[in-house]
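Colleague: Could you take one part of this model and walk me through it slowly? I'd like to hear how the strands pair up, what packs around them, and which charged side chains hold distant parts together.

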Amino acid sequence: MSKVIEGLFYTESHEWVKIEDNIGYIGISDFAQKELGDIVYVDMPELGSEISKGEIFGAVESVKAASDLYSPVGGTIEQCNAELTESPELLNQDSYSNWIIKVKMSNIEDVKDLMSASEYKKLNE
């Protein structure tokens, strides 16, 4: 069983977002990293670029496959996790403590149609 963290919001495409004020920390779920296998590269957007909810903002590549990353919220890219550039395997070690991007959200209402932890668990049963 994959680990699911309470208090985060999840997408059907296996991204999560943690909201602190109007900042969204975005990463991939434990289920996603297990499905991908050994992650070897993380493609991230340019700082300051605008992203829309549901839009592709990057990709994660593993020895098995490449997978696009879809933003669960819209806003401005505030920060990319530079540690993942040098050590993408950190996502395999703990996909929840290793967020990929931080977004200054343009609309807090974006989270309304995302899944709670319990809803996401049901999706992956």
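**Strands, core and salt bridges**

Modeller: Let's start with a hairpin, bearing in mind that this is a predicted model. Strand β6 (residues 56-62) runs antiparallel to strand β7 (residues 66-70), and five bridges join the two. Three residues sit between them, giving a hairpin. If you want a spot to click on, take A59, whose bridge partner in β7 is D68. The hairpin belongs to an open sheet of three strands, ordered β4-β6-β7 with antiparallel pairing. On the edges are β4 and β7, each of which pairs on one side only. From one strand to the next, the twist averages 20°.

Now move over to strand β9 (residues 101-105). Two partners are worth a look here. Strand β3 (residues 23-28) pairs with β9 in the antiparallel sense over four bridges, and G24 has V103 as its bridge partner in β9. Strand β8 (residues 75-80) also runs antiparallel to β9, with five bridges joining them; there, C80 is partnered with I101. As for cover, four of the five residues in β9 are buried.

That leads straight to the packing. In general, nonpolar side chains tend to be buried together in soluble globular proteins. Here the largest nonpolar core has 24 residues, and the members that touch the most others are I28, L91, I100 and I101. At least two core residues come from each of β3, α1 (30-36), β4 (39-43), β6, β8, α3 (90-93) and β9. The largest share is the three residues from β9.

Zoom in on I28 for a moment. Leaving aside residues up to four places away in sequence, I28 touches H14, E15, W16, Q33, L36, I39, L69, L91, S95 and I100. There's another core apart from the largest one, with 11 residues that include I23, Y96, M115 and Y120.

On to the charged pairs. Side chains of opposite charge can pair when their charged atoms come close. The model has six salt bridges by the rule used here, and three of them make a nice tour.

K3 pairs with D94, their closest N and O atoms being 3.9 Å apart. K3 is in the segment before β1 (9-10) and D94 is in the loop between α3 and β9, so this salt bridge ties together parts 91 residues apart in sequence. K3 is partly exposed, at 40% relative accessible area, and D94 is partly exposed too, at 26%.

K121 and E6 also meet through their side chains, at 3.9 Å from N to O. Because K121 belongs to helix α4 (residues 117-123) while E6 lies in the segment before β1, the pair links parts that are 115 residues apart in sequence. K121 is partly exposed at 31% relative accessibility, whereas E6 counts as exposed at 56%.

Last stop: K53 and D113, with closest N and O atoms 2.2 Å apart. K53 sits in the loop between β5 (50-51) and β6, and D113 in the loop between β9 and α4, so parts 60 residues apart in sequence are tied together. K53 is partly exposed, with 31% relative accessibility, while D113 is exposed at 60%. That brings us back to β6, where the tour began: the K53 loop leads up to the strand that pairs with β7.

Note on methods
Residues numbered from 1 in each chain as written. Predicted model: local features only at pLDDT ≥ 70, side-chain atom pairs only at ≥ 80, totals over all residues. Heavy atoms only, no water. Pairing = 2+ DSSP bridges. Buried < 20%, exposed > 50% of the residue type's maximum accessible area, 1.4 Å probe, protein only. Core = buried A, V, L, I, M, F, W, Y, C linked by side-chain atoms within 4.5 Å. Contact = heavy atoms within 4.5 Å. Axes fitted to C-alpha atoms, helices over the stretch in contact; angles between N-to-C directions. Salt bridge = Lys/Arg side-chain N within 4 Å of Asp/Glu carboxyl O.
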